[in-house]
2 protein chains.
Amino acid sequence: MTSRTRQPGDAFTHAADVAIEDLGGGIRRQILGFGATIMSCRLWFDSGAVGTVHQHPHAQTTYIESGRFTARVGSTVREVGAGDCVYITPDTDHGISCIDAGSLIDNFSPMRADFLNPGEA
Amino acid sequence: MTSRTRQPGDAFTHAADVAIEDLGGGIRRQILGFGATIMSCRLWFDSGAVGTVHQHPHAQTTYIESGRFTARVGSTVREVGAGDCVYITPDTDHGISCIDAGSLIDNFSPMRADFLNPGEA
């Protein structure tokens, strides 16, 4: 099963059944559970990988599962590590740079339809 | 700082600064980042701890960070472990029982105001 064919509302996502997408630049993403109003994804960053500053209308939390990162939200930059969390207000510039390789859980509201159908807003 | 005094919209949540609440029955909870439309929490379960079946109007994803659990959503029961995820449609019965001690990341939309102000809906 690949994430491209998944539909919102499935109750159970077993990690072994879901494709891990290589986003390039040392970043990989696996789409986990989602419905219309929420979506969770797991991301892996290599050391030095950069999630460039961007914004979107979705609210977001990012839970740092492992590794060490420099996170920017608006004009504030902080170092975060395992157990920390970042909250991003809709339409706010944010980005993250990986110091030590690790993984993140990104959660969005509403769901990121653009992750399922690249090219759509 | 305790989670009771926290306000929505803080960009950075450093785990060391936030209280871990003992919910009893072998379950502890730490409120992480949140705004009006999304909230993330980390929960620790001892082996044998039971999150009893309940429902709420918030959509939810639960990411299994570690450990082994039996999760119920509606009438479906499945065993889940590290890396797996559960999605719960609003107003749907769900519960989780811990087989091997571990931690979960619960994400809600909208935020759980009742976690900040116990007694409120």
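This passage describes the symmetry, one strand and the cysteines of a predicted model.

Two copies of a chain are related by a rotation about an axis and a shift along it. Here, a turn of 180° and a shift of 0.0 Å along the axis lay chain A on chain B, with an RMSD of 0.0 Å. That is the relation of a two-fold axis. Of the interface residues of chain A, 100% are also interface residues in chain B. The copies therefore meet through the same surface.

Strand β7 of chain A covers residues 68–73. In a regular strand the side chains alternate between the two faces of the sheet. β7(A) shows this alternation. Phe69(A), Ala71(A) and Val73(A) point to one face and are buried. Arg68(A), Thr70(A) and Arg72(A) point to the other and are not buried.

β7(A) pairs with β8(A), residues 76–81, through 6 bridges. The two strands run antiparallel. Arg68(A) has Gly81(A) as its bridge partner in β8(A). The hairpin of β7(A) and β8(A) has 2 residues between the strands. In this hairpin, Gly74(A) takes a positive phi near 60°. A further 6 bridges join β7(A) to β10(A), residues 94–100. This pairing is also antiparallel. Thr70(A) stands opposite Ser97(A) in β10(A).

The structure holds 0 disulfides over all chains. Cys41(B) is in no disulfide, and the nearest cysteine sulfur, that of Cys85(A), is 9.2 Å away. Cys41(B) counts as buried, at 0% relative accessibility. For Cys98(B), the closest cysteine sulfur is in Cys85(B), 17 Å away and too far for a bond. Cys98(B) is buried, with a relative accessible area of 6%.

Notes
Residues numbered from 1 in each chain as written. Chains lettered and ligands numbered in written order. Predicted model: local features only at pLDDT ≥ 70, side-chain atom pairs only at ≥ 80, totals over all residues. Heavy atoms only, no water. Disulfide = S-S within 2.5 Å. Buried < 20%, exposed > 50% of the residue type's maximum accessible area, 1.4 Å probe, protein only. Least-squares fit on C-alpha atoms with pLDDT ≥ 70 in both. Contact = heavy atoms within 4.5 Å. Helix = DSSP H or I, 4+ residues; strand = E, 2+ residues; numbered from the N terminus. Pairing = 2+ DSSP bridges.
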